[in-house]
Amino acid sequence: MRMQMLMNRTIVCAALGVLWCGALGHAAAQNAQGAVDGYAQADMAYGAGLYTAQCSTCHGPNGDMVGGVDLKSGRFRNATTDQDLTRVIATGFPNAGMPAFRFDPAEFTGIIAYLRNMTTFDAGSIRAGDAEHGRALFEGQGGCTRCHRVGAKGARVAPDLSDIGANRSAGSLQRSLVDPASQMMPINRPVRAVRRDGKVINGRRLNEDTYTVQILDDQERLVSLDKADLREFTILTTSPMPSYKDQLTADDLADLVAYLLSLKGR
């Protein structure tokens with residue numbers, strides 16, 4: 001099984017080389033549009049780790065160990081956009097012997113961000129996050145378990161994070177830590193409901209239809225409300241989660257992001 005996984009990874013890395021060359025690369029096009037900075041540094045750092053672990057054996061640290069292939073060029077024969085590159089990796093490239101490869105969304109975002117920016121990104125200048133220290137911060141100093149749950153540990157007031165690392169990119173997670181409101185999913189926005197008798201219910205919306213809304217209140221109780229019985233129902237735009245921008249150091253934030261990325265729900 002381990003040998004098969006290594007073989008699959010090797011084939012994927014070689015196929016990335018086959019993609020190189022030909023059409024104008026996405027990175028160059030993005031430079032012309034002034035949008036290359038849209039790739040988050042946290043995503044590039046995560047992608048650099050994935051590249052080192054899964055691709056550097058074939059392509060080398062600089063992406064130029066395979067003859068006729070230079071991954072740093074940003075040019076790919078069968079992929080112009082990031083969506084093209086994602087599709088080719090996800091569905092495979094039979095003509096080059098590349099099988100479909102399973103990356104989760106966060107991994108796709110990271111590896112593509114790194115491949116698009118290999119020329120300018122200095123992986124050696126970035127400290128790799130320490131997931132174990134990140135776990136300690138999550139459960140201790142950060143106080144995250146007071147609201148969030150991972151596995152069987154923590155509260156349910158805020159969204160369960162057991163598989164957050166498979167669904168949210170490194171850049172998105174980092175932004176959530178420094179500017180929580182910017183990354184709130186609509187369904188996760190906090191709500192305030194006031195019944196006709198004046199009772200106020202604050203919590204997190206779990207489900208809503210035309211006539212009812214289900215809320216997990218701030219005491220972790222599931223409440224189902226008929227909208228006809230409410231005199232006020234407000235979806236809030238501010239997040240109850242604090243910003244950690246000034247509460248944690250840059251290294252601590254990197255460790256916390258590394259821990260969150262490790263949460264794949266398996």
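Contact here means heavy atoms within 4.5 Å. Keep that in mind for the exercises below, which all deal with a predicted model.

**Exercise 1. Get an overview of the chain: what does its secondary structure come to, and what share of its contacts with a separation of 6 or more is between residues 24 or more positions apart?**

Solution.
- Start with the elements: the chain has 10 helices and seven strands.
- Next, take the contacts with a separation of 6 or more; 64% of these join residues that sit 24 or more positions apart.
- Then check burial: of the 266 residues, 42% are buried.
- Finish with the surface. The chain exposes about 14100 Å², and 52% of that comes from carbon and sulfur atoms.

**Exercise 2. Work out whether Asp-217 is buried or exposed, and find what its side chain pairs with.**

Solution.
- Locate the residue first: Asp-217 belongs to strand E5, which covers residues 212-217.
- Now look at its relative accessible area. The value is 4%, and the cut-off for buried is under 20%, so Asp-217 counts as buried.
- For its partner, go to the backbone nitrogen of Gln-219, which lies 2.8 Å from a polar atom of the Asp-217 side chain.
- Last, skip the neighbours within four places in sequence. Asp-217 is then in contact with Ile-201, Asn-202, Gly-203 and Val-223.

**Exercise 3. Describe the largest pocket: what is its volume, and which residues are closest to its centre?**

Solution.
- The volume first: the largest pocket comes to about 850 Å³.
- Its lining has 40 residues, and those closest to the centre are His-148, Ala-158, Pro-159, Ser-239 and Met-241.
- Map the lining onto elements. Two or more residues come from each of helix H8 (164-167), helix H9 (170-178), strand E3 (190-195), strand E4 (200-208) and helix H10 (250-261).
- Sort the lining by type, and you get 23 nonpolar, 10 polar and seven charged residues.

**Exercise 4. Repeat this for the second largest pocket: how much space lies in it, and how do its lining residues divide?**

Solution.
- The second largest pocket holds about 530 Å³ of space.
- There are 21 lining residues; Ala-45, Ile-126, Arg-127, Ala-128 and Gly-129 are the closest to the centre.
- For the elements, helix H3 (41-54), H9 and H10 each supply at least two lining residues. H9 and H10 also turned up in the lining of the largest pocket.
- By type, the lining splits into 14 nonpolar, five polar and two charged residues.

Definitions and conventions. Residues are numbered from 1 along each chain as its sequence is written. This is a predicted model: local features need pLDDT of at least 70, side-chain atom pairs count only at pLDDT 80 or more; totals for chains, interfaces and linings use all residues. Side-chain values use heavy atoms; hydrogens and water are left out. On a 1 Å grid over the protein atoms alone, a cavity is a set of points where a 1.4 Å probe fits but cannot get out, and a pocket is an open set with protein on both sides within 12 Å along at least five of seven lines; lining residues have an atom within 4 Å of a point. Grid points are joined across faces, edges and corners, and a volume is the space filled by probe spheres set on the points. Helices (H or I, at least four residues) and strands (E, at least two) are DSSP runs, numbered from the N terminus. Ala, Val, Leu, Ile, Met, Phe, Trp, Tyr, Cys and Pro count as nonpolar, Asp, Glu, Lys and Arg as charged, and the others, Gly among them, as polar. Buried means under 20% relative accessible area, exposed over 50%, partly exposed in between (1.4 Å probe, protein chains only). A polar contact is a pair of N or O atoms within 3.5 Å; within protein, one must be able to donate a hydrogen and the other to accept it, and residues adjacent in sequence count only if both atoms are side-chain atoms. Accessible areas come from the Shrake-Rupley method with a 1.4 Å probe; for residues, only the protein chains shown count as cover.
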